Amino acid sequence: MIFAELALLPEGWVKQVRISVADGHITGVDKAAAPQPTDTRVSALLPALSNLHSHTFQRAMAGMTEHRIAGRDSFWTWRDLMYRFMDRLTPEQMEAIAALVFMEMQETGFAAVGEFHYVHHQTGGGTYANIAELSNRIFAAASLTGIGLTHLPVLYSYGGVGQQPLSTGQLRFGNTVDSFAALLEAARAAALALPADTRVGIAPHSLRATCPADLARVLPLAAGNPIHIHVAEQPKEVADVTAWLGARPVEWLLANTPIGADWCPIHATHMTGQETAALAKSGAVAGLCPITEANLGDGPFNGPEWLAANGAFGIGSDSNVRISLTEELRTLEYSQRLRDIARNVMVPAEGSVGQFLYVGAARGGAQALGRNAGQIAVGTLADLTAIDLSHPSLCALHPDHILDGLAFAAPDTVVTDLWSAGRHQVKQGRHIHREQIIAGWRTAVKGLIDAV
Ligand SMILES: [Zn+2]
């Protein structure tokens, strides 16, 4: 049982709430309750967010691509370095890196992650003895950390629009629809050993890495699980797809696929007003990755028009250059303020920006990962996080301003506890397996950097 001095329930902040949890789910929410001696007591309890987009291995590159070189650095030169780096990555290193990333996510308040997993094969493109070897490494990291996992094996078949062959740097990603189906089947079989909240969806990487015929064949393999795809992250990608298919990427998806509430278009940065309104109305969750989008110079999301169309959204940490839930929220809002020369942009009508962003990202993120979560209510998964209201950044705030304090003023260290589907993995601000996970990471990255 968890006793919270204050809890954010669907109707708002409520005092003295006692939460019962069984089999990973919330089974009771008692208001105006009294704490019992065996309860885990927390200051303020929130529904924990789902991090809807991550490539864990990229965490090991953080800090290595911020050095200006001759000529103009771009997303595409960043990608070249990522390919060289990834060329050396071993299964053991991938597992250790993923464990650190999942731990960091939980310590910042994410209960679950959508791992958009596209490195499948050995250097040179040969398959491992088990075609799902690297998916199994992600599963091992999820088991160690206890994070809720929606695994998203990626179909990556071509090196660019128009079915160009894979480049040398892309061989570890490559699958045909048939080999992808075999990989997916192996991953789903292995995932049965994980907790019941685990999901295995699919992720056609992007329109540039697939083609219309392959996409039509792969979509049924989702079988009711989430479908994620990178879309419209870069102007060049939009121009390339338009030249090839005669329509902008979002425009093409809307016209040629059953895109809807089980889809999560990642980034969706460069959309026309018409695309923005139509995609929002489809029910798809916009997968926003504000820190990475800023780091890569992608450009700002079209927030005001998305919200005007009641679009769903969630937050992902993508490249994992920095893992901070609060910084993701504030970077999203600040990207809008800087573009529009305005304040308090990411809230329709009037109200708290922090609360709108937090509650929206909790619900949208859970939807994108196929998790019955995102609010504190009986019957939902116990994805919960607790923050310390006695922290200097929060202690003076009226309840109506707590989530503004969290989003704009607080450090990540205000997180005291985290439960992923009832698994109490963060206590007193630290993951329960912290030392083991960090030791594994140190060994992995040292080996990786020595090799590069
Ligand atoms: Zn991504």
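Helices, of at least four residues, and strands, of at least two, are DSSP runs numbered from the N terminus. The model is predicted, and the tour below uses those element names throughout.

**Stop 1: a turn between two strands**

Select Asp23. This residue sits in the loop that joins strand S2 (12-22) to strand S3 (25-30). Its phi is near 50 degrees, a positive value in a residue other than glycine. Is Asp23 buried or exposed? Its relative accessibility is 79%, so Asp23 counts as exposed.

**Stop 2: the open sheet**

Now show the strands on either side of that loop together with their partners. An open sheet is formed by 8 strands, in the order S3-S2-S1-S4-S14-S15-S16-S17, and its pairing is mixed. The edges are S3 and strand S17 (430-431), each of which pairs on one side only. At the S17 end, strand S16 (residues 423-427) and S17 pair in the antiparallel sense over 2 bridges. To see one of the pairings, pick Lys427, whose bridge partner in S17 is Arg430.

Just past S17, select His433, in the loop between S17 and helix H14 (434-451). With a relative accessible area of 29%, His433 is partly exposed. For a sense of scale, draw a line from His433 to Arg79: the two are 354 residues apart in sequence, and their C-alpha atoms are 32 Å apart.

**Stop 3: Val415 in the sheet**

Go back into the sheet and select Val415, in strand S15 (residues 415-420). Val415 counts as buried, because its relative accessibility is 7%. Which residues does Val415 touch, not counting those up to four places away in sequence? They are Glu107, Thr108, Gly109, Thr385, Ala386, Ile387 and Gly429. A second line can be drawn from Val415 to Asn302, 113 residues apart in sequence and 30 Å apart in space, C-alpha to C-alpha.

**Stop 4: the nonpolar cores**

From Val415, step across to Ile387, one of the residues that Val415 touches. Leaving aside neighbours within four places in sequence, Ile387 is in contact with Ser43, Ala44, Leu46, Leu394, Ile402, Leu406, Val414, Val415 and Thr416. Ile387 also belongs to the largest nonpolar core, which has 120 residues. Within that core, Phe102, Leu253, Trp306 and Ile387 touch the most other members. Select helix H2 (residues 91-108) next: H2 gives the most to this core, with 9 residues. There is also a second, separate core of 15 residues, which includes Val17, Ile26, Leu45 and Trp419. In soluble globular proteins, nonpolar side chains tend to be buried together.

**Stop 5: helix H3**

Select residues 133-145, which make up helix H3. H3 has 13 residues and reaches 19 Å from its first C-alpha to its last, close to the 18 Å expected at 1.5 Å a residue. The buried residues here include Glu133, Leu134, Ser135, Arg137, Ile138, Phe139, Ala141, Ala142 and Thr145. After H3 comes Gly146, with a positive phi near 80 degrees.

**Stop 6: the zinc ion**

Select the zinc ion and the protein atoms around it. What are its protein donors? They are His53 (NE2), His55 (NE2), His230 (NE2) and Asp318 (OD), at 2.1 to 2.6 Å from the ion. The angles among the 4 donor atoms run from 81 to 172 degrees, and the site is irregular. Along the sequence, the donor residues follow the spacing H-x1-H-x174-H-x87-D. One pair, His55 and His230, links distant parts of the chain, 175 residues apart. His55 lies in the loop between strand S5 (49-54) and helix H1 (75-86), while His230 lies in strand S10 (residues 227-231). His55 is buried at 3% relative accessibility, and His230 is buried at 7%.

**Stop 7: strands S10 and S11**

Stay with His230 and show the whole of S10. Why is S10 described as largely enclosed by the rest of the structure? The reason is that 5 of its 5 residues are buried. Both faces are covered, with Ile227, Ile229 and Val231 buried on one side and His228 and His230 buried on the other.

Add strand S11 (residues 263-267), which runs parallel to S10 and is joined to it by 5 bridges. Ile227 stands opposite Trp263 in S11. End the tour at His267, also found in S11. The phi of His267 is near 85 degrees, a positive value in a residue other than glycine. His267 is buried, with a relative accessible area of 0%.

Key: Residues are numbered from 1 along each chain as its sequence is written. This is a predicted model: local features need pLDDT of at least 70, side-chain atom pairs count only at pLDDT 80 or more; totals for chains, interfaces and linings use all residues. Side-chain values use heavy atoms; hydrogens and water are left out. Donors are N, O and S atoms within 2.8 Å of the metal (3.2 Å for Na, K and Ca); water is not among the atoms, so sites may look incomplete. Four donors count as tetrahedral if all angles lie between 85 and 135 degrees; four count as square planar and six as octahedral if opposite donors are over 155 degrees apart and all others between 65 and 115; anything else is irregular. Buried means under 20% relative accessible area, exposed over 50%, partly exposed in between (1.4 Å probe, protein chains only). Two strands pair if DSSP finds at least two bridges between them. The expected span of a helix is 1.5 Å times one less than its number of residues. A nonpolar core is a set of buried Ala, Val, Leu, Ile, Met, Phe, Trp, Tyr and Cys residues joined through side-chain atoms within 4.5 Å. Contact means heavy atoms within 4.5 Å.
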